[in-house]
Every structure is written in structure tokens, then in C-alpha cells.
Amino acid sequence: MAIILSVETSTTNCSVSLSKQGETFALLEDNSKDYSHAERLHVYMDRLLAENNLQPNQLDAIAVSKGPGSYTGLRIGVSAAKGLCFALNKPLISVSTLEALAHQVIVEKGLIIPMLDARRMEVYSAVFDANYQIIREVEAQILDANAFAEYLETGQVFFLGNGVEKFKSIIQHPHAHFIDNKLPSANQMSQIAYRKFQKSDFDDVAYFEPYYLKDFVVIKSNKK
């Protein structure tokens with residue numbers, strides 16, 4: 001019976017879940033929009049274990065959202081997950097942030113496009129079918145009136161994530177459906193992580209790095 005702790009910190013939502021056989025049975029998260037994951041994440045993990053009468057060594061694996069997303073958020077989540085794996089000698093499972101986000105939408109047919117804000121008019125996105133099979137891999141994409149046109153012409157498309165707000169302001173299409181207020185959550189990581197656990201699809205704890213998609217750039221402050 002596999003018990004997996006999942007960690008999601010790719011956006012402002014600091015999220016931790018516990019799952020058994022792929023089903024989430026405990027979830028703790030907070031979207032305070034301040035990226036204070038460094039202060040909250042370990043507190044959340046400790047609290048979730050304590051509230052469910054679990055010791056860390058009872059976990060079978062640690063899953064972490066691998067990105068894309070916030071550079072700092074991903075670093076915090078991955079560092080915490082790797083630290084637990086080293087300390088407990090447990091396997092590490094990485095989960096695509098956009099794949100987990102796509103699982104927040106249930107449709108009978110059509111396409112699902114999760115998108116995360118990458119600043120300005122750019123988003124990180126991927127395209128999935130109604131069964132969550134990948135149609136187009138993760139890309140960094142500039143949004144304009146023609147973005148995703150090839151998919152919108154084929155049928156219904158469901159957009160979600162924190163990149164939705166700026167996209168729906170520039171496009172009007174009868175096939176476009178925008179789902180607001182959705183952020184990646186550890187809740188949807190459970191099933192994906194369990195499938196990977198069953199196949200022993202683990203990551204190298206020593207060498208695993210988040211999937212940033214773009215290089216981190218330091219911007220100089222204009223303050224004197």
C-alpha cells in the first residue's frame with residue numbers, strides 16, 4: 001500500500017498532499033500570492049503528517065512538481081523533496097506541473113490547455129486531449145490573437161491556469177472556454193505519482209533539477 005507525499009510550489013499556491021494508492025486523503029494548501037513557500041512548506045509537511053498520525057519513515061515515496069513555473073518556487077519545492085528523500089532513503093518522483101494542472105478539468109471531448117504565466121504576454125503551456133494524453137509538449141509561447149488557432153479550429157478547447165486572464169482579453173472564439181481561478185495543486189499529483197511509483201519510474205535524487213524551460217534572469221533594480 002503506497003503512501004506518497006506530494007509537494008507543489010510552482011506558483012503562489014503552496015500545496016502538500018498525502019495519497020494512498022493514488023487517492024488523495026489529506027491536503028493542505030494556501031494561495032497567499034506572496035511566494036512565502038520557504039516559511040510555509042516544511043510547516044505544512046510536518047502538520048499534514050502529524051494530523052494523519054504518520055511518521056516520515058512510513059512514506060513510500062516523495063513526489064514533487066517539476067515545472068515549469070516560478071524559478072524560486074520550484075527550487076524550494078525540489079530542495080525540500082530531495083532533502084526528505086535523502087534523509088529517509090525514499091524514492092523521488094517528479095510530476096509535470098502542466099499535466100497535473102490539466103487534471104483539474106474533466107471533459108468528454110475536446111482539448112485541455114493548461115497555461116502558466118511567464119510574465120509579459122508569454123505563457124508556459126501544453127496541450128492534452130480529454131484523456132490527458134499529451135498532444136503538444138510544453139512550450140513557452142507568446143500570446144496573440146492567433147495563438148492556439150490550429151487547436152481552436154478543430155473543436156472545443158478548455159484553457160486554465162494563471163495565464164488565462166491575459167489570454168481571454170485578446171481572443172474571442174466560439175470554441176474557447178476559459179476556466180478561472182485554477183492553480184497547480186498537490187491534489188492532482190496523487191494519481192500521476194502513483195502510476196509512476198507502480199512502474200518504479202523514479203528520478204535520481206542527487207542529480208534531479210526542476211524543469212525551468214527558460215533560464216533564470218536577474219533583473220537589476222531601478223532603485224537608487
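**Salt bridges, helix α1 and an open five-stranded sheet**

In this predicted model, the side chains of D30 and R40 meet in a salt bridge, with an N to O distance of 2.6 Å. Because D30 belongs to strand β3 and R40 to helix α1, the pair ties together parts that lie 10 residues apart in sequence. The two partners differ in their exposure: D30, at 26% relative accessibility, counts as partly exposed, whereas R40, at 11%, falls under the 20% limit and counts as buried. This salt bridge is one of nine that a search of the whole structure finds.

Helix α1 comprises 15 residues (37-51), which at 1.5 Å a residue should span 21 Å, and the distance of 20 Å between its end C-alpha atoms agrees with that expectation. Its buried residues are H37, R40, L41, Y44, M45, L48 and L49; they cover an arc of only 155° around the axis, and are therefore placed on the same side of α1. These buried residues pack against strands β1 (3-8), β2 (13-20) and β3 (23-31), and against helix α2 (71-88). The face turned away from the buried side carries the exposed residues E39, D46, A50 and E51. Of these, E51 forms a salt bridge with R47, the closest N and O atoms being 2.9 Å apart; both residues lie within α1, four residues apart, or about one turn of the helix. R47 itself counts as partly exposed, at 43% relative accessibility. The helix is followed by N53, whose phi is positive, near 55°.

A further salt bridge joins the side chains of D180 and K168 (3.0 Å, N to O). D180 is located in the loop between β10 and α6 (189-198) and K168 in helix α5, so that this pair ties together parts 12 residues apart in sequence. Both partners are partly exposed, D180 at 34% relative accessibility and K168 at 28%, and salt bridges with shared partners join E165, K168 and D180 into one network. Helix α5 (residues 164-168) also contains K166, which counts as buried at 14% relative accessibility. Beyond its neighbours within four places in sequence, K166 is in contact with D117, A118, R119, R120, M121, E122, V123 and L143.

Five strands form an open sheet of mixed pairing, in the order β8-β7-β6-β9-β10. Its edge strands, each pairing on one side only, are β8 (134-142) and β10 (176-179), and the twist averages 20° from one strand to the next. Within this sheet, β6 (residues 111-117) and β7 (residues 122-129) pair in the antiparallel sense over five bridges, and the bridge partner of I112 in β7 is F128.

Terms used
Residues numbered from 1 in each chain as written. Predicted model: local features only at pLDDT ≥ 70, side-chain atom pairs only at ≥ 80, totals over all residues. Heavy atoms only, no water. Pairing = 2+ DSSP bridges. Helix = DSSP H or I, 4+ residues; strand = E, 2+ residues; numbered from the N terminus. Axes fitted to C-alpha atoms, helices over the stretch in contact; angles between N-to-C directions. Expected span 1.5 Å × (residues − 1). Buried < 20%, exposed > 50% of the residue type's maximum accessible area, 1.4 Å probe, protein only. Arc of directions from axis to C-beta. Contact = heavy atoms within 4.5 Å. Salt bridge = Lys/Arg side-chain N within 4 Å of Asp/Glu carboxyl O.
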